[in-house]
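Me: Please take a close look at one part of this model for me, and then set that part in the context of the rest of the chain. I would rather have one long, connected account than a list.

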Amino acid sequence: MSRKFQEKNKDLVNVSVVSADKVWVKNKGKPVLNKDLDIYGKVEKGFDCFVTSTNLKGSNHKFVENTSNLNKRTKNEIVNKFMNENKKVVYLVKKK
């Protein structure tokens, strides 16, 4: 299991759910990850039972954690983004 997502890790309390437009910023026309955010992973709408890693190269994403280990507030925010705001991908982040 990933160190970031162990059940007794207090960092999960501070994780917030944001959409992709806040995570990716344009730098000279190319999308890059926002350096002000510490990204734990992303949750896609079709694969909402697990969290995958985020990478820049476009290769296969790696499994990070099961969403059942997240706290109830975070799960509700994920569902809200998918159902009410019609987002396809949400990111689990912590501000630096």
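Reply: At 82% relative accessibility, K28 counts as exposed, a class given to residues over 50% relative accessible area, while buried means under 20% and partly exposed means in between (1.4 Å probe, protein chains only). The model is a predicted one, in which local features need pLDDT of at least 70 and side-chain atom pairs count only at pLDDT 80 or more, whereas totals for chains, interfaces and linings use all residues. Residues are numbered from 1 along each chain as its sequence is written, and side-chain values use heavy atoms, with hydrogens and water left out.

K28 sits in the loop between β2 (24-27) and β3 (30-33), and although K28 is not a glycine, its phi is positive, at about 55 degrees. The backbone of N86 also has a positive phi of about 55 degrees without being a glycine; N86 belongs to the loop between α2 and β7, and its relative accessibility of 58% places it among the exposed residues.

To set these loops in context, the protein chain has 2 helices and 7 strands, where helices (H or I, at least four residues) and strands (E, at least two) are DSSP runs numbered from the N terminus. Along the sequence they follow the pattern β-α-β-β-β-β-β-α-β. The mean pLDDT of the chain, pLDDT being the predictor's confidence in each residue from 0 to 100, is 81, and 81% of the residues reach 70 or more. Among the elements, strand β1 (residues 16-19) has the highest mean pLDDT, 92, and strand β6 (residues 63-66) the lowest, 78.

The loop that holds N86 leads on to β7, and V89 is in that strand. V89 is partly exposed because its relative accessibility is 23%. Setting aside neighbours within four places in sequence, V89 is in contact (heavy atoms within 4.5 Å) with S19, A20, K42, V43, E44 and F82. The C-alpha atoms of V89 and D48 are separated by 9.3 Å, with their positions 41 residues apart along the chain.

One of those partners, K42, lies in strand β4 and counts as buried, since its relative accessibility is 9%. Its side chain makes a polar contact with the side chain of E44, at 3.3 Å; such a contact is a pair of N or O atoms within 3.5 Å in which, within protein, one must be able to donate a hydrogen and the other to accept it, and residues adjacent in sequence count only if both atoms are side-chain atoms. Apart from residues up to four places away in sequence, K42 touches F50, V51, T52, S53, T54, H61, V89, V90 and Y91.

From K42 the picture extends to T52, which lies in strand β5 (residues 50-52) and is buried, with a relative accessible area of 11%. Beyond its neighbours within four places, T52 is in contact with G41, K42, H61, K62 and V64. The C-alpha atoms of T52 and E65 are 7.1 Å apart, for a sequence distance of 13 residues.

F50, also touched by K42, is partly exposed at 26% relative accessible area. A search of the whole structure finds 1 aromatic pair. The rings of F47 and F50 have centres 6.2 Å apart and planes at 40 degrees, so this pair is tilted; rings of Phe, Tyr and Trp (its six-membered ring) pair if their centres lie within 6.5 Å, with planes under 30 degrees apart stacked, over 60 edge-to-face and the rest tilted.

Finally, the interior. A nonpolar core is a set of buried Ala, Val, Leu, Ile, Met, Phe, Trp, Tyr and Cys residues joined through side-chain atoms within 4.5 Å. The largest one has 11 residues, namely V15, V17, Y40, V43, V51, V64, L70, I78, F82, V90 and L92. The elements that give two or more residues to this core are β4 (37-44), α2 (72-83) and β7 (89-95). Apart from it lies another core, of 6 residues, including L37, I39, Y91 and V93. Helix α2 also holds K75, which is partly exposed at 33% relative accessible area. Over the whole chain, buried residues make up 30% of the 96 residues.
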